[in-house]
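Colleague: I should like to go through this model with you. Could we begin with the overall fold and then turn to the details?

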Amino acid sequence: QVQLVESGGGLVQPGGSLRLSCEASGIIIGFDTMGWYRQAPGKERELVAAITSAGTRNYAASVKGRFTISRDNAKKTVYLQMSSLKPEDTAVYYCNSRTFDVWGQGTQVTVSS
């Protein structure tokens, strides 16, 4: 059974940083394209960042230069390091396995002073 569990969200001030984690079970993340998505209230879910099996990274224009996606295959964990956070980054962040089309439960990120 494929399962993704996100953690690391919280409340942070503008300009601050957070690191999200997505722990996977039932899949080999190094063989998959893993992505981070987010959904803000009243908006559609959007791709934030993705990392392919070859290690190629893609980012949404709105987060490029501020967010970094990475993975630790041994720990079966995908990370999203977020820096210089802005209020518009506030959303529920989800982890996704493209091959299995599986989603985690999400973790809330709130950027506010």
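Modeller: What follows covers the fold, the core and the aromatic rings of this predicted model.

Colleague: How many helices and strands does the protein chain have?

Modeller: The protein chain has 0 helices and 11 strands. Its pattern along the sequence is accordingly written β-β-β-β-β-β-β-β-β-β-β.

Colleague: And what are the overall dimensions along the principal axes?

Modeller: The C-alpha trace spans about 40 × 25 × 25 Å along those axes. The radius of gyration is 13 Å, which agrees with the value near 13 Å for a compact globule of 113 residues.

Colleague: What percentage of the residues count as buried?

Modeller: Of the 113 residues, 42% count as buried. The chain exposes about 5,900 Å², and carbon and sulfur atoms supply 47% of that area.

Colleague: Turning to the interior, which residues have the most contacts inside the largest nonpolar core?

Modeller: They are Leu4, Met34, Trp36, Phe67, Leu80, Met82 and Tyr93, in a core of 28 residues. Several strands give two or more residues to this core, among them strand 4 (34-39), strand 8 (77-82) and strand 9 (91-97). The largest share, 4 residues, comes from strand 3.

Colleague: What is methionine 82 in contact with, leaving aside its neighbours within four places in sequence?

Modeller: Methionine 82 is in contact with Gly16, Ser17, Leu18, Leu20, Arg66, Phe67, Tyr93 and Val109. Two of these partners, Phe67 and Tyr93, are also listed with methionine 82 among the core residues with the most contacts.

Colleague: A change of topic: how many aromatic pairs does the structure hold?

Modeller: It holds 2 aromatic pairs. Tyrosine 37 and tryptophan 103 form an edge-to-face pair, 4.8 Å centre to centre with 70° between the planes. Tyrosine 37 lies in strand 4 and tryptophan 103 in strand 10, so this pair ties together parts that are 66 residues apart in sequence. The rings of tyrosine 94 and tryptophan 103 have centres 6.5 Å apart and planes at 85°, so that pair is edge-to-face as well. Ring pairs thus link Tyr37, Tyr94 and Trp103 into a cluster.

Colleague: Which of those three are buried or partly exposed?

Modeller: Tyrosine 37 is buried, at 17% relative accessible area, and tyrosine 94 is buried at 14%. Tryptophan 103 is partly exposed, at 32%.

Colleague: Where does arginine 45 lie relative to these rings?

Modeller: Arginine 45 lies over the face of tyrosine 94, at 3.8 Å from the ring centre. Arginine 45 also lies over the face of tryptophan 103, at 4.5 Å from that ring centre.

Conventions. Residues numbered from 1 in each chain as written. Predicted model: local features only at pLDDT ≥ 70, side-chain atom pairs only at ≥ 80, totals over all residues. Heavy atoms only, no water. Core = buried A, V, L, I, M, F, W, Y, C linked by side-chain atoms within 4.5 Å. Buried < 20%, exposed > 50% of the residue type's maximum accessible area, 1.4 Å probe, protein only. Contact = heavy atoms within 4.5 Å. Phe/Tyr/Trp six-rings, centres within 6.5 Å; stacked < 30°, edge-to-face > 60°. Lys NZ or Arg CZ within 6 Å of the ring centre and 35° of its normal. Rg over C-alpha atoms; globule rule 2.2 N^0.38 Å. Areas by Shrake-Rupley, 256 points an atom, 1.4 Å probe, with all protein chains shown as cover.
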